[in-house]
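Me: I have a fold in front of me and want to learn to read it. Can we start from one residue and work outwards?

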Amino acid sequence: MATATKNLSAYDKTTIPNAKDFRFGIVVSEWNPDITQGMFQGAFDTILDCGGIKENIVRWNVPGSFELIYGAKKMQQSFDMLDAIVVIGSVIQGETKHFDYVCEAVAQGIKDLNVHNDIPVIFCVLTDNTMQQAIDRSGGKHGNKGSEAAIAAIKMAQLRKDAKF
Ligand SMILES: Nc1c(NC[C@H](O)[C@H](O)[C@H](O)CO)[nH]c(=O)[nH]c1=O
Ligand SMILES: CC(=O)[C@@H](O)COP(=O)(O)O
């Protein structure tokens, strides 16, 4: 289903686990900061709306989306009690193929963290053709991908908790 046919911020709280006991890490890229800050706010607000506690949310910033990989890895090594991590980035097509390499590298790197480590890392990285597409998906007409990512983080934290018993 294309984003254009759904609202990224829509969720039914009755279907979401309570987030009160979960601790979240959020790594935020500083490229396209208005976009990434909008997604951070969406994620932060959604976690609190679902019962999360602001003191249980830690935020680190990194220079660009490529650095989300290392930032998430080091966050896992620095905090042994996190239940899920959300990485937030906005990659927008420029004149060259750099967009392709950054997007592929970040997707593969975050995938690898999920494969090799025990903390779910949620991929909240917009890969847009234009700034308007990014605006539309970070609190604009298509909702907020940060909210969608927060819901995924809560659900995966619960899955990880349930899997231990
Ligand atoms: N063009 C964008 C970048 N490029 C920077 C890379 O992510 C990286 O920081 C650099 O190559 C140094 O390693 N990053 C974004 O997040 N968004 C872009 O649109
Ligand atoms: C995704 C990028 O790195 C890109 O925005 C950089 O722009 P350009 O391809 O024009 O150098």
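Reply: Yes. Keep in mind that this is a predicted model. Begin with Ser 90, which lies in strand S3.

Me: Is Ser 90 buried or exposed?
Reply: Count the C-beta atoms around the residue. The cut-off for buried is 20 or more others within 10 Å. Ser 90 has 29 C-beta neighbours inside 10 Å, so Ser 90 counts as buried.

Me: Which residues does Ser 90 touch, leaving out those up to four places away in sequence?
Reply: The contacts are Ser 29, Trp 31, Asn 32, Ile 35, Thr 36, Leu 126 and Ala 134.

Me: What about Val 91, which is also found in strand S3?
Reply: Start with a general idea. In a regular strand, side chains alternate between the two faces of the sheet. Now the case here. Val 91 has 23 other C-beta atoms within 10 Å and is therefore buried. Beyond four places in sequence, Val 91 touches Ser 65, Phe 99, Val 102, Cys 103, Val 125, Leu 126 and Thr 127.

Me: How many residues of strand S3 are buried?
Reply: In S3, residues 84-92, 8 of the 9 are buried. The strand is mostly covered.

Me: Which strands pair with S3?
Reply: The general idea comes first. Strands of a sheet pair through backbone hydrogen bonds, either parallel or antiparallel. Here, S3 pairs with S1 (residues 24-29) in the parallel sense, over 5 bridges. Val 27 stands opposite Val 87, and Ile 26 stands opposite Val 86. S3 also pairs with S4 (residues 121-128), again in parallel, over 8 bridges. There, Asp 128 is the bridge partner of Ile 92.

Me: In what order do the strands run across the sheet?
Reply: The order is S2-S1-S3-S4, in an open sheet of 4 strands with parallel pairing. S2 (57-62) and S4 stand at the edges with a single partner strand each, so one side of each has no neighbour in the sheet. From one strand to the next, the twist averages 15°.

Me: Where do the helices fit?
Reply: Helix H1 (residues 33-49) packs on the sheet and touches S1, S2, S3 and S4. The direction of H1 makes about 155° with that of S3. Helix H5 (residues 145-163) lies across S1, S3 and S4, at about 160° to S4. Helix H3 (residues 98-116) joins S3 and S4 in a right-handed β-α-β unit.

Me: Which residues does UniProt list under "binding site"?
Reply: The unreviewed UniProt entry gives Trp 31, Ser 65, Phe 66, Glu 67, Ser 90, Val 91, Ile 92 and Phe 123. Our starting residue, Ser 90, is one of them.

Key:
Residues are numbered from 1 along each chain as its sequence is written. Chains are lettered from A and ligands numbered from 1 in the order in which they are written. This is a predicted model: local features need pLDDT of at least 70, side-chain atom pairs count only at pLDDT 80 or more; totals for chains, interfaces and linings use all residues. A residue is buried if 20 or more other C-beta atoms lie within 10 Å of its own, exposed if 12 or fewer, and partly exposed in between; C-beta atoms are placed from the backbone. Helices (H or I, at least four residues) and strands (E, at least two) are DSSP runs, numbered from the N terminus. Two strands pair if DSSP finds at least two bridges between them. A crossover is right-handed if, with the strands pointing away from the viewer, the path from the first strand over the helix to the second runs clockwise. Axes are lines fitted to C-alpha atoms, for helices over the stretch in contact, and angles run from 0 to 180 degrees between N-to-C directions. Two residues are in contact if their C-beta atoms, placed from the backbone, lie within 7 Å. UniProt positions are given in the numbering used here, feature names are shortened, and annotations may be inferred rather than shown by experiment.
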